[in-house]
Amino acid sequence: MIPYGRHHIDEDDVQAVAEVMRGELITQGPQAAAFERLVADYVGARYAVSVANGTAALHLACLALGLGPGDTVLTTPNTFLASANCALYVGARPAFSDIDPETLNLGLQALRDAFRTQAGIKAVIPVHFAGLPCDMAAISEIARANGASVIEDACHALGAHYADGSRVGNCRYADMCTFSFHPVKLIAAGEGGMVTTNDESLYRKLLLLRNHGMTKVPSDFVEETQGFEQGEPNPWYYEMQALGLNYRMTDIQCALAISQFKKLDRFLSRRLEIARRYDAAFEGMEAIVLPQQRDRERSAHHLYITRMDFRRIGLTRGQMMLALRERGIGSQVHYIPVPYQPYYRQKGLAQGSWPHAEHYYREALTIPLYFGMSDANVATVITGVTDLVSGAQRRALSASG
Ligand SMILES: Cc1ncc(COP(=O)(O)O)c(C=O)c1O
C-alpha cells in the first residue's frame with residue numbers, strides 16, 4: 001500500500017535515539033535545547049520552544065497571548081481541528097473566514113470582511129495549508145490594523161518560504177509560529193512541536209507554561225522569604241507563577257528530530273520533484289484541477305492536493321478512494337471544514353458561510369506524497385489516477401453515446 005503520507009526513518013535516526021536511551025536524561029535535556037537552537041537558526045527566529053506536539057504549540061501560543069473568554073480567534077475552515085480547538089482550550093470563541101480558491105489559504109477579502117462584521121477578534125491563526133505559505137505580509141497588515149495578534153500555524157510548512165524569500169517561522173509577520181513533528185509532517189519526532197517567536201516576553205511565558213507554570217530560576221522568584229536564605233537562592237525551591245501544563249518534548253523525541261532535521265533539505269527537494277511530476281502527468285486532464293501550482297518553489301509540499309470533478313469522472317469520492325485502494329494507493333481528504341464538525345455545529349460554533357471552502361471540500365482528494373516514495377510508486381499513483389479518471393470518463397461517454 002502506498003499511503004498518502006509517511007515518515008522516513010534511517011539507521012542514523014535509530015542510532016541517535018539509542019544514544020539518548022543509553023544516557024542519563026530521557027525527558028527534557030540537552031537534546032531539546034539543541035533542537036530548539038537548530039530550528040530557531042534555520043527559520044531565522046530569535047527563540048524556539050519545543051513542546052509535546054503541534055496542538056500543544058497552538059494551545060501555549062494562545063495562553064501566552066492571554067486569550068480567553070470574550071475573545072474571538074479567527075482561523076480558516078480548511079484546516080486540521082487543532083487550529084480552531086486551541087481557541088476553545090483557553091475559553092475563547094473560534095471563528096472562521098473563507099479561503100482563497102487558488103491557494104486554499106485564508107482569503108484576504110474574507111479576512112477584511114470578518115474584521116468589519118465581527119467584534120472581538122483578538123487573534124488570527126493563518127494556516128499554511130499543505131505547505132504553501134499564506135500571504136503573510138497582507139494578513140499581518142490586516143490583523144495589526146485591527147489590533148489583533150497573529151499566530152501562524154506552520155505545522156505543514158517547515159522549510160517553506162514567504163513571498164519575500166525568507167523562511168516560514170521567522171516571525172517577521174507574526175507574534176508566534178507553530179510547528180508539528182508528527183510522522184506525516186516534514187520531519188518526524190514520533191510526536192513533537194515547536195513555537196518560534198522574536199518576543200522575549202512571549203518566549204518567557206512559553207517556557208513557564210510548558211512546564212506547569214513553574215520556575216527554578218532564582219532571578220524570576222517572586223517569593224523573597226522562601227526563595228532565598230541570606231541572599232542565596234534556596235537549592236530546593238521552585239515556584240509556580242501561572243497555571244501551566246506538562247507540554248515538554250522529550251530528549252528521545254528531540255534526538256530523533258535533530259537527526260531528521262539534517263535530512264530536511266533532501267526531504268523537501270524530493271517532495272518538490274514528486275509534486276512536479278504529478279503536475280506534469282495530470283496537466284490537461286479536464287476532471288482534475290491542481291491548486292497551489294503557481295508557488296511550488298516556495299511550498300514545503302506537506303501534501304499533494306487535487307480537486308476532482310467527481311461528477312464528470314463518474315465516481316463518487318468514496319468510490320474513487322476505494323478504487324485507488326484496490327490498486328494499492330492511499331488517499332485522504334484534507335480537510336472537512338472544521339465548522340462542519342458535529343461538535344462545532346452542536347455548540348453553535350458554526351456561524352457563517354464559507355462557499356470557497358465548501359466548494360473545495362466537495363472536490364478535495366489528497367494523493368500520496370512523501371520522501372520515501374520510489375519513482376515506481378509515483379508511476380503507480382499516476383497510472384492509477386489517470387486510468388480511473390479517464391476510464392470512468394470513457395465509460396460515461398460510451399454510456400451516453
Ligand atoms: C494545520 C495543523 N495544525 C496543527 C496540527 C496539530 O499538530 P499535532 O498533530 O502535532 O498535534 C496539525 C496536525 O495534524 C495540523 O495539520
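This is a dialogue about the ligand and the empty spaces in a predicted model.

Visitor: I would like to start with the ligand, so how many residues surround the ligand, and which are the closest?

Guide: In this predicted model, the ligand is surrounded by 15 residues, and the closest of them are Gly-54, Thr-55, Asp-153, Ser-180 and Lys-185. Sorted by class, this shell holds six nonpolar, seven polar and two charged residues.

Visitor: Which helices each supply at least two residues of that shell?

Guide: They are α3, which runs over residues 54-64, and α4, which runs over residues 82-89. The largest share, three residues, comes from α3.

Visitor: Which atoms of the protein should I look at if I want to follow the oxygen atoms of the ligand?

Guide: A careful reader looks for pairs of N or O atoms within 3.5 Å. Here a polar side-chain atom of Thr-55 lies 2.5 Å from an oxygen atom of the ligand, while at Gly-54 a backbone N or O atom lies 2.7 Å from a ligand oxygen. Tyr-335 takes part through its side chain, where an N or O atom is 3.2 Å from an oxygen atom of the ligand.

Visitor: How much of the ligand's exposed area does the protein bury?

Guide: Taken alone, the ligand exposes 390 Å², and the protein buries 91% of that.

Visitor: How does one find the empty space in a structure, and which space does the ligand take?

Guide: Rolling a probe the size of a water molecule over the atoms reveals where space is left empty. In this model the ligand takes the space of the largest pocket, which holds about 380 Å³. This pocket is lined by 23 residues, and those closest to its centre are Phe-80, His-156, Ser-180, Lys-185 and Tyr-335. The elements that give two or more residues to the lining are α3 and α4, and the largest share, three residues, comes from α3.

Visitor: What classes of residue make up the lining of the largest pocket?

Guide: The lining of the largest pocket divides into nine nonpolar, 11 polar and three charged residues.

Visitor: How many cavities are there, and how much space lies in the largest cavity?

Guide: A cavity is a space where the probe fits but cannot get out. The count comes to two cavities of 30 Å³ or more, and about 60 Å³ of space lies in the largest cavity. Among the residues that line this cavity are Arg-6, His-7, His-8, Lys-185 and Phe-371, and by class its lining has six nonpolar, three polar and three charged residues.

Definitions and conventions:
Residues numbered from 1 in each chain as written. Predicted model: local features only at pLDDT ≥ 70, side-chain atom pairs only at ≥ 80, totals over all residues. Heavy atoms only, no water. Near = heavy atom within 4 Å. Polar contact = N/O pair within 3.5 Å; in protein donor to acceptor, adjacent residues only side chain to side chain. Areas by Shrake-Rupley, 256 points an atom, 1.4 Å probe, with all protein chains shown as cover. 1 Å grid on protein atoms, 1.4 Å probe; cavity = no way out; pocket = protein on both sides within 12 Å on 5 of 7 lines; lining within 4 Å. Sits in = over half its atoms within 2 Å of the grid points. Helix = DSSP H or I, 4+ residues; strand = E, 2+ residues; numbered from the N terminus. Nonpolar A, V, L, I, M, F, W, Y, C, P; charged D, E, K, R; others polar. Points joined across faces, edges and corners; volume = space filled by probe spheres on them.
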